[in-house]
Amino acid sequence: MAYSSILDWIDFFKDPMDSPYYPFDTYNLAYDIGFKLWEIVGGLIAWLINLLFPGNGLSEWLMSDYVCTIFALLLFMLLIFIVAFVSCLIVLWEERKVLGRMMDRRGTMIGMKGFLQCVADGLKTFMKENTIPKKVDKMTYMWCVSLIVGLSVLVACMVPLSSRWYVVDYQTGLLIIMAFFALAPFLILVSGWAQNNKYSLIGGMRAAELMISYEVPMLILICTTALYVGSFNIGDIVYFQNEHVWFIIPQILGFITFFFCATAEAERVPFDIAEAEAELVEGWQTEYAGMKWGLIMLGDYLRGTVSCGMVVIMYLGGWTLPFIGDGPIPEIVFLLKAYLVFFLMVLVRAASARVRTDQILNIGWKVFMPLSVINLAIVIVLKMGGVFC
Amino acid sequence: MTLKYLDKYPKNLAKSLWIGKPIATVFKLFCKTVTHRSMTILYPYEKEWIPDNYRGRPGLRFDKCVACGMCVRMCPTGCIKLIEVDDDAGNRVMRPQVNVGRCAMCGYCAEYCPVDAMTVTPEYELAEYTRFDLLYGPRRLNYEGTTPGMEVHIEYSLPSDIANGNTERRVPNTIDKPELDDKKCIGCKKCAKVCPVGAVTMVEKGVNDKGKPIVRPEFDNEKCISCSNCILDCPKDALKLKEVL
């Protein structure tokens, strides 16, 4: 058989939506990039195999629509995860740097203005010994950390960055994200129990206490937003805001309450009573060593990113900008807004004292709850009056 | 419920809910700190400016030293010791050696040195691998860039000067001079032997009952550096340092 050019195998301009196995309803940029990557990588492999064994079936099979879809989906998953991961690392860097400047320190200094400190930390935790205490309930101990980290990664991947960068376009997207998001405190409680350690147990109990205080106002706020829009779909919520007004204007009370609830949800510093470095050694993470702890920390920051993303989606118009709409790079706009919200979180962390365990229920039920109900009433009045909708 | 809360915390309601103020304060601070340099100094790469009289390790100007031993006496940690070394001409002379491992960097040796041979230096990176390496001999104590500012002095105005309307600042430990109590002196000539600058000369003042000459020290106040070696070595406590007020 004659020599075939590599260009015969790589069809770079093939539209993935033409494929009969295209897994989405609308255009998906991440899948498109994954598909084109597979066109290059798979095409190269197919061309090489064809060069060695001309006329074999394997190369044809590699470039068939079905296999292309599978590998494109794999690359798509990887891409979604990498973007979530890198944005989480940027959030980590932002916290360290901004908090450092607020304390008149320099923050991290290793490479790329301190960004590579996360890499160094990751390598360090990776090289640590993976010790497991003798008297822990091993199965629960290991499963809890896997589930917490896994759920955090799952939630971080589920947040859509734009109308073309999503994993699944649910009709009930907001609820599902919040449901997965709220699962972690249960696992924290269980893992605190499993570790057979006083600090961990108190940390786990506190996580449960924290959850019963902020979860109800938070769900009321989510319902308020859904009531305003008439849909739980994230795309609907964002485009509704783009069409009328960002919800921060009619729902300023809701924004403030949701912001603090989201801070509590991510267990960040004013509400870090489950981890509580200051009183409990490391709270429920006390017995986790090495990379397990590193992954938990990564999970924490992933959840912080997701909280910021939820605030952006619900109150700051998601990936849209006023008078521009989607624009050419909605993903970047979304992430920048999330970093802005995270900056506010760091500001609150630097400014306010930590909430005591006996105050958290007071704050949840006597402050956040009335505020969220007032917000709901305002929204109902606005909706009935037909203002901003 | 709200009324109950108000009863419990009558004044604190606004305060306990209002966290805007600290946030605004911190934001203002942040705006300030991002515009100026941060307070942290990247130490190995970037060093703080230090003044001339920074009290680092002691330095010694070998040729100026007269081996009076003032630094040895004044050192609060006892880290200075006079040892015998060859000077440039090949003579055996006494010079101070400093154990920097024990040195408290107080700079007293430089303050009290009557001839300004001991100085402070701005060197503070003194880590070594062994304790023996921390012994700084007289030659090693030399510091190349010695400036006049490194000769630190205690200076103050004397009460008598102020009474005369003169506010000149003096170095007190070079104006006090030794004084002889003639009755106690036995003329042993020890003061003349220990004087590092040769300011003491023994003068014959007649003869005693047995016909032997009576010798008494005389002090050349121009040469004297007030090191008080003669006073310390006097076997009969006949000398004392007369304080100038």
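Which residue of strand 8 of chain B does B:Thr201 stand opposite? Hold that thought for the first view, and keep in mind that everything shown here comes from a predicted model.

**View 1. Strands 7 and 8 of chain B, paired up as a hairpin.** The residue facing B:Thr201 is B:Glu218, which sits in strand 8 of chain B. Strand 7 of chain B covers residues 200-207 and strand 8 of chain B covers residues 213-219, and six bridges hold the pair in the antiparallel sense. Five residues lie between the two strands. One of the turn residues, B:Gly211, has a positive phi of about 85 degrees.

**View 2. An open sheet of three strands in chain B.** Read across the sheet and the strand order is 2-3-5, with antiparallel pairing. Strand 2 (80-86) and strand 5 (135-136) of chain B are the edge strands, and each of them pairs on one side only. Strand 2 of chain B is joined by seven bridges to strand 3 of chain B, residues 92-99, and the two run antiparallel. Want two landmarks for lining up these strands? B:Lys81 has B:Gln97 of strand 3 as its bridge partner, and B:Ile83 has B:Arg95 of strand 3. As a rule, side chains in a regular strand alternate between the two faces of the sheet. Strands 2 and 3 of chain B also make a hairpin, with five residues between them. In that turn, B:Gly90 has a positive phi of about 95 degrees.

**View 3. The two domains of chain B and where they touch.** Domain 1 of chain B takes in residues 58-150, and domain 2 of chain B takes in residues 159-242. Their centres, taken over C-alpha atoms, are 27 Å apart. Eight residues of domain 1 of chain B meet eight residues of domain 2 of chain B. On the domain 1 side of this contact there are seven nonpolar residues, one polar residue and no charged ones.

**View 4. The two domains of chain A.** Here the division gives domain 1 (6-80) and domain 2 (141-385). The centres of these two domains of chain A, again over C-alpha atoms, lie 37 Å from each other. Six residues from domain 1 of chain A and six from domain 2 of chain A make the contact. By class, the domain 1 side splits into four nonpolar, one polar and one charged.

**View 5. The largest nonpolar core, with A:Phe258 picked out.** This core has 106 residues, and A:Cys88, A:Leu210, A:Phe258 and A:Val311 have the most contacts inside it. Helix 11 of chain A (residues 290-315) is its top contributor, giving 13 residues. Domain 1 (6-80) and domain 2 (141-385) of chain A each supply at least three residues to this core. Setting aside neighbours within four places in sequence, A:Phe258 is in contact with A:Met218, A:Leu221, A:Val311, A:Met314 and A:Tyr315. Another core, of 24 residues, lies apart from this one, and its members include B:Leu60, B:Cys68, B:Met70 and B:Met150.

**View 6. Helix 3 of chain A, end to end.** How does the span of this helix compare with what its 38 residues should give? At 1.5 Å a residue the helix should span 56 Å, and its end C-alpha atoms are 54 Å apart, so the two values agree. After helix 3 of chain A comes A:Asp104, with a positive phi near 60 degrees.

**View 7. A:Gly114, in the loop between helix 3 and helix 4 of chain A.** Is A:Gly114 buried or partly exposed? It counts as partly exposed because it has 16 C-beta neighbours inside 10 Å, whereas a buried residue needs 20 or more. Not counting residues up to four places away in sequence, A:Gly114 touches A:Trp93, A:Arg96, A:Lys97, A:Gly107, A:Thr108 and A:Met109. A:Leu99 is 15 residues from A:Gly114 in sequence and 13 Å away in space, C-alpha to C-alpha.

**View 8. Where chain A touches chain B.** Twelve residues of chain A and 15 residues of chain B make up this contact. On the chain A side, helix 3 (65-102), helix 12 (330-351) and helix 13 (357-385) each give two or more residues. Helix 12 of chain A gives the most, with four residues. Sorted by class, the chain A side has six nonpolar, one polar and five charged residues.

Conventions
Residues are numbered from 1 along each chain as its sequence is written. Chains are lettered from A and ligands numbered from 1 in the order in which they are written. This is a predicted model: local features need pLDDT of at least 70, side-chain atom pairs count only at pLDDT 80 or more; totals for chains, interfaces and linings use all residues. A nonpolar core is a set of buried Ala, Val, Leu, Ile, Met, Phe, Trp, Tyr and Cys residues joined through C-beta atoms within 7 Å. A residue is buried if 20 or more other C-beta atoms lie within 10 Å of its own, exposed if 12 or fewer, and partly exposed in between; C-beta atoms are placed from the backbone. Domain bounds come from an automatic or database domain assignment. Two residues are in contact if their C-beta atoms, placed from the backbone, lie within 7 Å. Ala, Val, Leu, Ile, Met, Phe, Trp, Tyr, Cys and Pro count as nonpolar, Asp, Glu, Lys and Arg as charged, and the others, Gly among them, as polar. Two strands pair if DSSP finds at least two bridges between them. The expected span of a helix is 1.5 Å times one less than its number of residues.
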